[in-house]
Amino acid sequence: MRRSDGRFAFEGAFPVLRSCKVMAVAAIAFFASLVAFGNITDYGTNFAFVEHVLRMDTIFPDATIGYRAIESPALHHAAYVFIIALESMVALLCWLGAWRMLLRLRAPLAQFQRAKHAAYAGLMLGFLVWQVGFMSIGGEWFGMWMSQQWNGIESAFRFFITILAVLIFVALPDEG
């Protein structure tokens, strides 16, 4: 229903763009929560992934980067626990950011902008986990891209591009 000024009735009373940003951050929080939960409750499944990537036992047989392999089971577990901790932090920071943004949905612009800080931190950490952790370290340093069985490049790319898109969207100027 249009008002006399040509806008729809809900446009002035309900901050649609701000609400979309809250939902986008909450969606990333939900995703990171599911990833961390899955890794914690089904530890062995994705531990095998981390272990094989670090062992580099499925890269091309004639690759000359095999010296980078980590054979220590203790270091495999430490790396996996670190990954889970980072994923959990992404989830917590994004949930906190979404909550703070939601509480200030109708607040003045400066207050809503300040409420985004935890979301920025969570989204940037998520970008770093999947871009630096999986694409750069796993993919390039450990040669994960060479593995037919343990190649997480495409998944990591989807994750960090989605997170980056949400980060950019949240950082866009808001209505006053």
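This report walks through the pockets, one buried acid and the salt bridges of the structure above, which is a predicted model.

**Two pockets**

Let's start with the open spaces. The largest pocket holds about 390 Å³ of space. Its lining is made up of 20 residues, and the ones nearest the centre are Ala-79, Ile-83, Gly-133, Phe-134 and Ile-137. Which helices supply that lining? Helix H3 (43–55), helix H4 (73–103) and helix H6 (117–141) each bring at least two residues to it. Of these, H6 gives the most, with 8 residues. The chemistry leans heavily one way: 18 of the lining residues are nonpolar and 2 are polar, with no charged ones.

The second largest pocket comes in at about 270 Å³. Here 14 residues form the lining, and Asn-46, Phe-49, Trp-130, Phe-134 and Phe-159 sit closest to the centre. Phe-134 is a name to remember, as it is listed among the central residues of both pockets. Helix H2 (16–41), H3, H4, H6 and helix H7 (153–171) each add at least two residues to this second lining. By class, that lining has 9 nonpolar, 4 polar and 1 charged residues.

**A buried acid without a partner**

Now for Glu-87, which is part of helix H4. This residue is buried, but it has no salt bridge. How far away is the nearest side chain of opposite charge? That side chain belongs to Arg-158, and it is 13 Å away. A salt bridge needs the nitrogen and oxygen within 4 Å. What Glu-87 does have is a polar contact, made by its side chain with the side chain of Asn-39 at 2.7 Å.

**The salt bridges**

Elsewhere, opposite charges do pair up: the model has 4 salt bridges in total. Three of them are set out here, with the separation of their N and O atoms.

| Pair | N to O distance |
|---|---|
| Lys-21 and Asp-174 | 2.7 Å |
| Glu-71 and Arg-55 | 2.8 Å |
| Asp-174 and Lys-116 | 2.5 Å |

Take the salt bridge between Lys-21 and Asp-174. Lys-21 belongs to helix H2 while Asp-174 is in the segment after H7, so this pair ties together parts that are 153 residues apart in sequence. Both Lys-21 and Asp-174 are buried.

Asp-174 also has a salt bridge to Lys-116. Lys-116 is found in the loop between helix H5 (109–115) and H6, and Asp-174 in the segment after H7, so the two tie together parts that are 58 residues apart in sequence. Lys-116 is buried, just as Asp-174 is. Put the two pairs together and you get a network of salt bridges linking Lys-21, Lys-116 and Asp-174.

The other pair in the table is Glu-71 with Arg-55. Glu-71 lies in the loop between H3 and H4 and Arg-55 in helix H3, so their salt bridge ties together parts that are 16 residues apart in sequence. Are these two residues buried or partly exposed? Glu-71 is partly exposed, with a relative accessible area of 47%. Arg-55 has a relative accessibility of 22%, so it counts as partly exposed too, since buried means under 20%.

Terms used: Residues are numbered from 1 along each chain as its sequence is written. This is a predicted model: local features need pLDDT of at least 70, side-chain atom pairs count only at pLDDT 80 or more; totals for chains, interfaces and linings use all residues. Side-chain values use heavy atoms; hydrogens and water are left out. On a 1 Å grid over the protein atoms alone, a cavity is a set of points where a 1.4 Å probe fits but cannot get out, and a pocket is an open set with protein on both sides within 12 Å along at least five of seven lines; lining residues have an atom within 4 Å of a point. Grid points are joined across faces, edges and corners, and a volume is the space filled by probe spheres set on the points. Helices (H or I, at least four residues) and strands (E, at least two) are DSSP runs, numbered from the N terminus. Ala, Val, Leu, Ile, Met, Phe, Trp, Tyr, Cys and Pro count as nonpolar, Asp, Glu, Lys and Arg as charged, and the others, Gly among them, as polar. Buried means under 20% relative accessible area, exposed over 50%, partly exposed in between (1.4 Å probe, protein chains only). Lys and Arg count as positive and Asp and Glu as negative; His and the chain ends are not counted. A polar contact is a pair of N or O atoms within 3.5 Å; within protein, one must be able to donate a hydrogen and the other to accept it, and residues adjacent in sequence count only if both atoms are side-chain atoms.
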